[in-house]
Amino acid sequence: MSKSKRREEFEGRVKQAMGVLGEVSQDNTTPRNIRRAAKNAMDALQFPGHSLGVRASNAIAILDEISQDPNMPQYTRVKLSSVAGLLEAIKD
């Protein structure tokens, strides 16, 4: 696969992840700390100074940290784990 094709695929994955994280960060039934973590992951994905791989790794770290929260609704946990799965495929 060519470099531009891979980058295009990775950018598509980031766009998908941003959509799901946006939903979680706007969901008032989700606890505030989890919404904040989703917003922080979105910020990490948009950080201009890093490569796509580094941005994805930073976002995954934020999601991993919050994933063990016992107050997280199950449907939110599923969404965030799917985002982590999307981002794990992104490599530099």
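## Close-up views of a four-helix chain

**View 1. The whole chain.** Buried residues account for 40% of the 92 residues in the chain, where buried means under 20% relative accessible area, exposed over 50% and partly exposed in between, with a 1.4 Å probe and protein chains only. This is a predicted model, so local features need pLDDT of at least 70 and side-chain atom pairs count only at pLDDT 80 or more, while totals for chains, interfaces and linings use all residues. Residues are numbered from 1 along each chain as its sequence is written, and side-chain values use heavy atoms, leaving out hydrogens and water. You will find four helices and zero strands here, in the order α-α-α-α along the sequence; helices (H or I, at least four residues) and strands (E, at least two) are DSSP runs, numbered from the N terminus.

**View 2. Overall dimensions and surface.** The C-alpha trace spans about 45 × 25 × 20 Å along its principal axes. The chain has a radius of gyration of 13 Å, which agrees with the value near 12 Å for a compact globule of 92 residues; this radius is taken over C-alpha atoms, and the globule rule is 2.2 Å times the number of residues to the power 0.38. The accessible surface comes to about 5,600 Å², with 51% of it belonging to carbon and sulfur atoms, as computed by the Shrake-Rupley method with a 1.4 Å probe; for residues, only the protein chains shown count as cover.

**View 3. Helix α2 beside helix α3.** The axes of α2 (residues 32–46) and α3 (residues 52–66) come within 7 Å and cross at roughly 170 degrees. Axes are lines fitted to C-alpha atoms, for helices over the stretch in contact, and angles run from 0 to 180 degrees between N-to-C directions. The two helices are therefore roughly antiparallel to each other, a term for angles over 145 degrees. Asn33, Ile34, Ala37 and Asn40 are among the α2 residues that meet α3, whose partners include Arg55, Ala56, Ile62 and Ile66; contact means heavy atoms within 4.5 Å. By class, this contact has 10 nonpolar, four polar and one charged residues. Ala, Val, Leu, Ile, Met, Phe, Trp, Tyr, Cys and Pro count as nonpolar, Asp, Glu, Lys and Arg as charged, and the others, Gly among them, as polar.

**View 4. Ala59 in helix α3.** Now zoom in on Ala59, which lies in α3 and counts as buried at 0% relative accessibility. Not counting residues up to four places away in sequence, Ala59 touches Ala41, Ala44, Leu45 and Leu87. From Ala59 to Ser81, 22 residues apart along the chain, the C-alpha separation is 12 Å.

**View 5. Pro73 in a loop.** Pro73 sits in the loop between α3 and α4 (74–88), and at 15% relative accessibility Pro73 counts as buried. Leaving aside neighbours within four places in sequence, Pro73 is in contact with Thr29, Thr30 and Pro31. The C-alpha atoms of Pro73 and Pro31 are separated by 8.4 Å, although these residues are 42 apart along the chain.

**View 6. Glu23 in helix α1.** Glu23 belongs to α1 (residues 3–26) and, at 45% relative accessibility, counts as partly exposed. C-alpha to C-alpha, Glu23 and His50 are 24 Å apart in space and 27 residues apart in sequence.

Note on methods. Angles under 35 degrees count as roughly parallel, over 145 as roughly antiparallel, 65 to 115 as roughly perpendicular and the rest as oblique.
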